Structures are given as C-alpha cells and as structure tokens.
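Okay, I think everyone's here, so let me put the structure up on the screen. Shout if you can't see it from the back.

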Amino acid sequence: MYFLIPILILIILTFTGAFFAAVWLPTKKEDFDRITKLAGLRPGMLFYDLGSGDGELLFYLSKKYNVNCVGIEISPLLFLYSKIKSLFYKNVKIYYGDFYKYDLSKADIVYIFLLPKSYARLRKKLETELRKDVKIILSSWPFEDCEPNQIDKKEKAFTYYSYITKENGYL
Ligand SMILES: C[S@@+](CC[C@H](N)C(=O)[O-])C[C@H]1O[C@@H](n2cnc3c(N)ncnc32)[C@H](O)[C@@H]1O
C-alpha cells in the first residue's frame, strides 16, 4: 500500500493545476501552426503562455519563428521539466507559480488554454495590464459578451478564438 504514496505525490505534482485554473492537457502539436497563424507571429514578438504546461508550444515557436516566449506554470514537475529544457533555448523563459502574480504588460500575444471558470478574474487582469493591439488567443472556449476578431474552427479538433485589445487593454 505504501508504494502508492510516491505515485500519488507524482500525480499531485504534475496535475497541481486542477486546484487552480485548469488541469494539464497539452495543446496538440498539430495545432501549433494554427495558433501561429492566428497570432500573426513576427520575429522578436513576446509571446506569453499562461499555464505553460510542458512548454512545448513555446519551444516550437521560439525555434521556428524566432519569437521570445514566456511561460508561467504552477505544477512543480511541469515547471521543472520545462525550466530545464528552456536552458537550451535562449528565447524561452519559464517562471514558476501563479500567473495572476506576474506582470503581463510587455506581452504582444497571450495564449490561454484554461477552463472558462477562470475567465472573469483573468479578463480583469488582462484589461488592466495589457497594451493596445495585443492579441489574445483562447483555446476551446470563447469569452462571453465579446466578439472574437477571428475564429479558427476545424472538424474534430479544438477551436481557437483570437481577440485584439483596444485602448488600455480593453476587449
Ligand atoms: C490545459 S493546460 C495547457 C498547457 C499549455 N498551455 C499547453 O497549451 O500545452 C493548463 C495548464 O495551466 C496550469 N495552470 C493552471 N492554473 C494555473 C495558475 N493559476 N498559474 C499557473 N499555471 C496554472 C496547469 O498546471 C496546466 O499545466
């Protein structure tokens, strides 16, 4: 029975996000270029992933498009894995903890794959901190009461919604 304890600890350390804005479910690799297209990525842009998981999206974007990437992750194991990997990528920075505690004011693009239960608080943060003309890309669930400027829909796949901030980060 005691052998179950380390397994339980590993599960908790990996899926810590379940107690916060979402459990870990990685964005599919085949969707990376759909996100890129919506984001209109250009070299040198600053791309944030709030709840970056294993960071694979960031590693891909930094390598293929030469964008600067920031990931913030609350699961200790996912953080550790992506932090160590980021040491081999000069354009990727991974931070540990709750993304609500980080300043997002320098972001050009913010990517969000979280449960909609987190949207009300998150929107307040985005609208307080983001500049004008920042792209926000949501996976799977749109913001309520707010028209996306673009939608990427595909059969039997996730839908992606893109928003552009107006004056003072408002949507
Ligand atoms: C659905 S997964 C998406 C992972 C990654 N963004 C991707 O697309 O592959 C959500 C991630 O957010 C993390 N998370 C949830 N709440 C968080 C919070 N408040 N601060 C930082 N990370 C959080 C979870 O641990 C999980 O790794």
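So, strand 6, residues 150-152, is joined to strand 7 by three bridges, and the two run antiparallel. If you want a spot to look at, find isoleucine 151: it stands opposite tyrosine 161 in strand 7. Just keep in mind that this is a predicted model.

Strand 7 has another partner too. Strand 5, residues 135-139, pairs with strand 7 over five bridges, again in the antiparallel sense. Here you can pick out lysine 135, whose bridge partner in strand 7 is isoleucine 164.

Now, how many of the residues in strand 7 are buried? Strand 7 covers residues 160-164, and four of those five are buried, so I'd call it mostly covered, with a count of 20 or more C-beta neighbours within 10 Å as the bar for buried. For the protein chain as a whole, 35% of the 171 residues count as buried.

Let me zoom out for a second. The protein chain has five helices and seven strands. Going along the sequence, you read α-α-β-α-β-α-β-β-α-β-β-β. If you take contacts between residues at least 6 apart in sequence, 64% of them join residues at least 24 apart.

What about overall dimensions? Along the principal axes, the C-alpha atoms fill a box of roughly 55 × 35 × 35 Å. The radius of gyration is 16 Å, and that agrees with a compact globule, because one with 171 residues would come out near 16 Å.

Okay, on to the ligand. Which residues come nearest to the ligand? There are 24 residues around it, and the nearest are Gly17, Phe20, Thr27, Gly51 and Gly53. Sorted by class, that shell has 14 nonpolar residues, seven polar and three charged.

Hang on to Thr27 and Gly51, and come over to phenylalanine 113. This one lies in the loop between strand 4, residues 109-112, and helix 5, residues 119-129. Is phenylalanine 113 buried or exposed? Phenylalanine 113 counts as buried, because it has 25 C-beta neighbours inside 10 Å. If you leave aside neighbours within four places in sequence, phenylalanine 113 is in contact with Thr27, Gly51, Ser139 and Ser140. Thr27 and Gly51 you've just met, among the residues that come nearest to the ligand. Ser86 is another story: 27 residues from phenylalanine 113 along the chain, with 20 Å between the two C-alpha atoms.

That's my tour, over to you.

Methods. Residues numbered from 1 in each chain as written. Predicted model: local features only at pLDDT ≥ 70, side-chain atom pairs only at ≥ 80, totals over all residues. Near = placed C-beta within 6 Å. Nonpolar A, V, L, I, M, F, W, Y, C, P; charged D, E, K, R; others polar. Helix = DSSP H or I, 4+ residues; strand = E, 2+ residues; numbered from the N terminus. Buried ≥ 20, exposed ≤ 12 C-beta atoms within 10 Å, placed from the backbone. Contact = placed C-beta atoms within 7 Å. Pairing = 2+ DSSP bridges. Rg over C-alpha atoms; globule rule 2.2 N^0.38 Å.
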